[in-house]
Structure formats: structure tokens, C-alpha cells
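Please look over the structure below. The report that follows moves from one helix and its cover to a pocket, the overall fold and a few loop residues.

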Amino acid sequence: MPVEVTWWGHATCTIEDSGVRVLTDPLFVRRFAHLRRRRGELPGPEAAVADVVLVSHLHSDHLHLPSLARLAPGSRLIVPTGAVRSVPGLRMLRAVRGLRIIEVAPGDVVRAGELRVRAVPALHDGRRLPMGPHRSPALGYVVEGEARTYFAGDTGLFDDMAGAVGPVDVALLPVGGWGPYLGHSHLDAGRAAQALARLAPRSAVPVHYGTYWPVGMDAVRPHEFHSPGDEFVRKAALLAPEVAVHRLSHGEQVRPEAAR
């Protein structure tokens with residue numbers, strides 16, 4: 001069965017490969033802190049069904065404790081090394097919900113059924129903000145089964161990106177954020193297209209845009225909320241024309257290899 005990708009919004013995706021469901025950075029709330037969901041319905045209960053869950057880094061829009069609490073008891077949760085020490089709530093979820101937490105660093109591999117999940121580096125501040133110490137790296141992951149699917153988490157461009165990630169068939173790349181003025185430790189649409197040219201997958205799905213936005217800032221640089229997906233499609237066509245790019249709506253799924 002070809003790999004199937006569902007984008008639920010922000011960095012939350014389901015990757016189905018070889019009969020295994022992999023969920024990334026689950027975020028299942030309408031509002032948290034100063035952010036509210038401005039586009040897309042909240043994912044239903046089926047979004048939280050997963051055999052293994054990947055957390056890319058400790059920022060609260062990627063490691064969101066109330067969303068992790070929706071996982072089935074005993075779920076396997078893969079997090080960056082040092083996460084349990086830095087985020088006490090993970091210890092509570094492990095005790096109360098029975099989550100099986102596995103800490104990994106770049107280069108580590110975890111097996112999940114027929115899949116290999118390989119942690120790869122990311123260029124991003126992986127701390128639990130605003131006060132967390134530098135104990136945990138930000139990570140991406142490559143899910144290897146029928147296809148090799150790269151989930152980048154949050155990252156900027158870095159020199160050996162292609163070498164660190166390795167050959168991939170599908171790339172889930174962040175192309176925006178939850179507010180204006182992205183720094184260089186993020187990918188905007190242009191930098192994501194450059195990353196795509198370096199990685200040279202067969203297919204790509206833009207994520208991490210057009211979902212959450214700060215309360216009261218609807219009129220502040222609204223193009224950075226609305227346009228990154230379409231902008232990525234345009235720039236990818238120029239820099240990586242051989243890659244099939246699938247811009248999904250919230251809750252939409254695609255079989256990238258079949259759609260090629």
C-alpha cells in the first residue's frame with residue numbers, strides 16, 4: 001500500500017505506511033496561550049489514533065501536553081533526548097496515561113512494526129520556552145517503510161541538510177509559522193523551496209502554516225498567514241520542478257507516490 005499523508009493543520013500530520021500510523025507534533029485545540037486556530041476544523045478523534053507519535057522539539061505548539069493526553073493509553077511517544085527532564089508534564093502522562101516515552105538524538109533509530117524511524121538534526125531552538133535550558137535538540141524524523149518520508153519539524157536551512165537527512169521520497173516541510181517575522185531558524189516558503197531543491201524527494205507537502213495566528217493580530221502581515229502554501233508551490237516549481245508538490249487543505253490526505 002502506498003504511503004498516505006493527512007495534514008491536520010500546523011505541524012500535525014498522520015503518515016500511514018506499511019500498516020503503521022505515525023502522528024507528528026499533535027496539536028488538537030482551538031486556542032492556547034496567545035494563539036487561536038483561524039482556519040480548518042479541529043481534528044476529530046481519529047486524528048489521535050496512532051501506533052507511534054513523533055515530537056520534533058519542546059516548544060508548546062509542537063509538544064502540547066493536553067493534546068498528548070488524548071492519545072490512547074500505552075501509546076509510543078518519541079521525543080528529543082532530555083525532554084522528560086525538561087517537561088515535568090511528560091512524567092505525569094507516562095504515569096497516568098501509560099505513555100511509553102522514548103528519547104532519541106540525531107542518528108538514533110526506533111523500530112515500529114515494519115517501519116524504521118530515524119532521528120535527524122534540525123536547525124532550531126529546541127528548548128522548552130520561555131525559560132528552558134538548552135538540554136534538548138530540535139529534531140526531524142525520517143519514517144522508512146514502503147517510502148522514506150521526512151518530517152522536518154521546525155528547522156532552518158543548514159549546510160549539510162541533504163547529507164544529514166539522506167535520500168527521501170516524500171518531504172513534509174514547514175513553509176510558514178504562527179506569527180509574522182519568521183527568523184532564519186524557520187523555513188518560509190522561499191527557504192523551504194531551497195530545501196526541497198537540496199533534498200530532491202519525489203513528492204512534497206507544505207505544512208506549518210495557515211492554521212494558528214496570534215489573537216488581535218489578524219491585520220498584521222496577513223499574507224504571512226494566508227499565502228505561504230501557494231507561494232511554496234510557485235517557488236518549488238522554479239527551484240525543484242521535478243518534485244510533485246501537494247498543497248493540502250486541513251484534514252485532506254494524499255498518497256504522494258500514487259498521485260505522481
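## Helix α5 and its cover

Contact here means heavy atoms within 4.5 Å. The model is a predicted one. What covers the buried residues of α5? The cover includes three strands' worth of neighbours from the middle of the chain, namely β12 (148-151), β13 (170-174) and β14 (203-207). It also includes α4 (161-165), α7 and β16 (244-245).α5 spans residues 189-199. Eight of its eleven residues are buried, so α5 is largely enclosed by the rest of the structure. The buried residues are Ala189, Gly190, Arg191, Ala192, Ala193, Ala195, Leu196 and Leu199.

## The second largest pocket

α5 also takes part in a pocket lining. At least two lining residues of the second largest pocket come from each of α5, α6 (223-226) and α7 (228-239). The space in this pocket is about 230 Å³. Its lining has 18 residues, and those closest to the centre are Leu182, Asp188, Ala189, Glu224 and Glu231.

How many residues of each class are in the lining? There are six nonpolar, six polar and six charged residues.

## Overall fold

The protein has eight helices and 17 strands. Its C-alpha atoms fill a box of roughly 50 × 45 × 35 Å along the principal axes. The radius of gyration is 17 Å. A compact globule of 260 residues would have a value near 18 Å, so the two agree.

Buried residues account for 56% of the 260. The accessible surface is about 10400 Å², and carbon and sulfur atoms hold 53% of that area. Take the contacts between residues at least 6 apart in sequence: 67% of them join residues at least 24 apart.

## Two loop aspartates

Asp169 sits in the loop between α4 and β13. Is Asp169 buried or exposed? Its relative accessible area is 14%, under the 20% cut-off, so Asp169 is buried. Beyond four places in sequence, Asp169 touches Ala147, Arg148, Pro201, Arg202, Ser203 and Glu257. Arg148 is 21 residues away along the chain, yet the C-alpha atoms of Asp169 and Arg148 are 5.2 Å apart.

Asp108 belongs to the loop between β8 (100-104) and β9 (109-112). Asp108 is partly exposed, at 34% relative accessible area. Outside its neighbours within four places in sequence, Asp108 contacts Val117, Arg118 and Ala119. Between the C-alpha atoms of Asp108 and Tyr141 there are 9.9 Å, with 33 residues separating the pair along the chain.

## Positive phi in two loops

Most residues other than glycine have a negative phi. Which values do Ser18 and Ala33 take? Ser18 is not a glycine, yet its phi is positive, about 55 degrees. Ala33 also has a positive phi, near 50 degrees.

Ser18 lies in the loop between β2 (12-17) and β3 (20-24). With a relative accessible area of 27%, Ser18 is partly exposed. Ala33 is in the loop between β4 (31-32) and β5 (35-37). Its relative accessibility is 62%, so Ala33 counts as exposed.

Notes. Residues are numbered from 1 along each chain as its sequence is written. This is a predicted model: local features need pLDDT of at least 70, side-chain atom pairs count only at pLDDT 80 or more; totals for chains, interfaces and linings use all residues. Side-chain values use heavy atoms; hydrogens and water are left out. On a 1 Å grid over the protein atoms alone, a cavity is a set of points where a 1.4 Å probe fits but cannot get out, and a pocket is an open set with protein on both sides within 12 Å along at least five of seven lines; lining residues have an atom within 4 Å of a point. Grid points are joined across faces, edges and corners, and a volume is the space filled by probe spheres set on the points. Helices (H or I, at least four residues) and strands (E, at least two) are DSSP runs, numbered from the N terminus. Ala, Val, Leu, Ile, Met, Phe, Trp, Tyr, Cys and Pro count as nonpolar, Asp, Glu, Lys and Arg as charged, and the others, Gly among them, as polar. The radius of gyration is taken over C-alpha atoms; the globule rule is 2.2 Å times the number of residues to the power 0.38. Buried means under 20% relative accessible area, exposed over 50%, partly exposed in between (1.4 Å probe, protein chains only). Accessible areas come from the Shrake-Rupley method with a 1.4 Å probe; for residues, only the protein chains shown count as cover.
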